[in-house]
Amino acid sequence: MTAAPHPSAERPRAPRIPAARLTLEGVSPGAAAGLRAGGGGGFTWLGGAPFEGTREAAGMAATAYARGVHRPEFGLYVLVRRADGLAVGSMGFHAAPDEDGRTEIGYDLVEAARGRGYATEALRALAGWALARDDVRRLFAVVEHANAASRAVLERAGFARVGEGEGEYAYELRGRPHLT
């Protein structure tokens, strides 16, 4: 008689995505709950704690996990520096790609890690991973007009501004032009 696999063994796991100085570590349901509750989520953070955007994203991920609608590969990733193992920020998807292959991304860094190119490096790695998949054709991001640093990150990573709303710009990065 063969034992049935444990339910967690059947769940897809978020990949570890390497970048030059960072590893994007997929956040588990337990880590997301810990981050949302005010902890470190099992990571040691530069400066002692994540930025508030990471906690908000972890809350969205934990809710999606609880509802059974979360695909871990399209969840939240913590940006871990290879040199010292410290978490410097987070980046991830708001949801899995829609039927047109479009998904939205977001990111933040702890203040002590800003201005060192980590966000651009991580965004290039995550975008490359996503756009290499068959189910992703376009990445989308929204940034406030006043957030010049974030706009620069998107532009350095190859995103183009495609729209403007009240106080925000919309950016997009397309992959595999023959499919879009």
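**Close-up views of a predicted model**

**View 1. The turn between strands E7 and E8.** Gly 165 stands opposite Glu 168 of E8. This is a predicted model, and the view centres on the pairing of E7 (residues 160–165) with E8 (residues 168–174), two strands that run antiparallel and share five bridges. The hairpin they form has two residues between the strands, and Gly 167 adopts a positive phi near 80° there.

**View 2. Helix H4 crossing helix H5.** Here we turn to H4 (residues 118–131) and H5 (residues 148–156), whose axes come within 9 Å and cross at roughly 40°. With that crossing angle, the two helices are therefore oblique to each other. The crossing of H4 past H5 is right-handed.

**View 3. Side by side at the H4 and H5 contact.** Which residues of H4 meet H5? From H4 come Ala 119, Thr 120, Leu 123 and Arg 124, and they meet Val 153, Leu 154 and Arg 156 of H5. Sorted by character, the residues of this contact comprise four nonpolar, one polar and two charged.

**View 4. The whole chain, for orientation.** To place the close-ups, it helps to step back: the protein chain holds five helices and eight strands. Reading from the N terminus, their order is α-β-β-α-α-β-β-β-α-β-α-β-β. Along the principal axes, the C-alpha atoms fill a box of roughly 60 × 40 × 30 Å. The radius of gyration of the protein chain is 16 Å, which agrees with the value near 16 Å that a compact globule of 180 residues would have.

How values were computed: Residues are numbered from 1 along each chain as its sequence is written. This is a predicted model: local features need pLDDT of at least 70, side-chain atom pairs count only at pLDDT 80 or more; totals for chains, interfaces and linings use all residues. Side-chain values use heavy atoms; hydrogens and water are left out. Axes are lines fitted to C-alpha atoms, for helices over the stretch in contact, and angles run from 0 to 180 degrees between N-to-C directions. Helices (H or I, at least four residues) and strands (E, at least two) are DSSP runs, numbered from the N terminus. Angles under 35 degrees count as roughly parallel, over 145 as roughly antiparallel, 65 to 115 as roughly perpendicular and the rest as oblique. A crossing is left-handed if the near helix is turned anticlockwise from the far one by less than a right angle, and right-handed if clockwise. Contact means heavy atoms within 4.5 Å. Ala, Val, Leu, Ile, Met, Phe, Trp, Tyr, Cys and Pro count as nonpolar, Asp, Glu, Lys and Arg as charged, and the others, Gly among them, as polar. Two strands pair if DSSP finds at least two bridges between them. The radius of gyration is taken over C-alpha atoms; the globule rule is 2.2 Å times the number of residues to the power 0.38.
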